[in-house]
Amino acid sequence: MKMEQLQIKNLYTVEETIAASLFEQAVYPWELLPKISAYIIALGDTLPADRYEKRGDAVWIAKSAVVAPTACINGPCIIDEEAELRHCAFIRGNAIVGKKAVVGNSTELKNVILFNKAQVPHYNYVGDSILGYKSHMGAGAITSNVKSDKTLVVVKSEYGTIETGLKKVGAMLGDCVEIGCNSVLNPGTVIGRNTSVYPTSSVRGFVEADSIYKKQGEIAKRK
């Protein structure tokens, strides 16, 4: 029962992403990482031309999105309605940026899904990760998506360990997660809904929903 907290149904409001149908194909969110590219290409071709414009190879941008002239966008990619890509935002590819989401100055995305209203606004690196509805990463916070020894990533929790079978897994942030400035989310990090992480933290494994992560071994329940 405890391991269910790491499942998609307990982390995300799937109605808050244009990729909702993708999330029906898995139990755990990291299972979707290898599927993002193909899903974007298939979905992009179905987007209504009166609301989305195809630019270049496999890049679809909503006409209501605000994209800085200095942003670099590589496909496959979908930028959803009213999203904002600020100065020097860098989309390396395989990215879905949700409605009213913010990708900020010098932020880099690679193989990610940002749910609606997610924010990575200042000098963030987000790779092989899924960020839930209204989640926010403070300035300089990054996801680390490859282990130093290059072995396959496992997701660890006090309830057990799950093998992902993947070499690259960043962070899975549930809805309304708040990550403090200059924090590092180590490979295979999963953070439950409504949890806050203190600035300059190094986080690994599973952090339960409705928690306040102060440091490793010191996690309080939100009152």
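This passage describes the overall build of a predicted protein model and then several of its parts.

The protein contains two helices and 25 strands. Its radius of gyration is 16 Å, close to the 17 Å that the globule rule gives for 223 residues, so the protein is as compact as a globular protein of that length. The C-alpha trace spans about 50 × 35 × 30 Å along the principal axes. Of the 223 residues, 52% are buried. The accessible surface comes to about 9700 Å², and carbon and sulfur atoms account for 50% of that surface. When contacts between residues at least 6 apart in sequence are considered, 31% of them join residues at least 24 apart.

Helix H2 covers residues 36-44, and its buried residues are Ile36, Tyr39, Ile40, Leu43 and Gly44. These residues lie on the same side of H2, because they cover an arc of only 120 degrees around the helix axis. The spacing fits the geometry of the α-helix, which has 3.6 residues a turn, so residues three or four places apart point the same way. The cover over the buried residues of H2 includes four strands: S2 (59-62), S5 (77-79), S8 (95-97) and S10 (108-114).

Strand S10 also contains Lys110. With a relative accessible area of 13%, Lys110 falls under the 20% limit and is therefore buried. The side chain of Lys110 forms a polar contact of 2.5 Å with the side chain of Asp128. Asp128 is also among the residues in contact with Lys110 once neighbours within four places in sequence are left aside. The other residues in contact with Lys110 on that basis are Arg92, Gly93, Asn94, Tyr125, Val126, Gly127, Asn145 and Lys168.

Ala139 is situated in the loop between strand S13 (136-137) and strand S14 (142-143). Its relative accessibility is 28%, which lies between the limits of 20% and 50%, so Ala139 counts as partly exposed. Beyond residues up to four places away in sequence, Ala139 touches His122, Asn124, Cys181 and Asn182. From Ala139 to Lys110 the separation is 29 residues in sequence and 18 Å in space, taken from C-alpha to C-alpha.

Ile191 belongs to strand S20, which comprises residues 189-191. The relative accessible area of Ile191 is 0%, so this residue is buried. Apart from neighbours within four places in sequence, the residues in contact with Ile191 are Leu11, Met172, Leu173, Gly174, Val177, Ile179, Leu185, Val197, Val203 and Val207. For one of these, Val177, the C-alpha atom is separated from that of Ile191 by 7.3 Å, and the two residues are 14 residues apart along the chain.

Four aromatic pairs are present in the structure. One of them, formed by Tyr28 and Trp30, is stacked, with 4.9 Å from centre to centre and 10 degrees between the planes. Both Tyr28 and Trp30 are buried. In addition, Tyr12, Phe23 and Phe115 form one aromatic cluster.

Technical notes:
Residues numbered from 1 in each chain as written. Predicted model: local features only at pLDDT ≥ 70, side-chain atom pairs only at ≥ 80, totals over all residues. Heavy atoms only, no water. Buried < 20%, exposed > 50% of the residue type's maximum accessible area, 1.4 Å probe, protein only. Arc of directions from axis to C-beta. Contact = heavy atoms within 4.5 Å. Polar contact = N/O pair within 3.5 Å; in protein donor to acceptor, adjacent residues only side chain to side chain. Rg over C-alpha atoms; globule rule 2.2 N^0.38 Å. Areas by Shrake-Rupley, 256 points an atom, 1.4 Å probe, with all protein chains shown as cover. Phe/Tyr/Trp six-rings, centres within 6.5 Å; stacked < 30°, edge-to-face > 60°.
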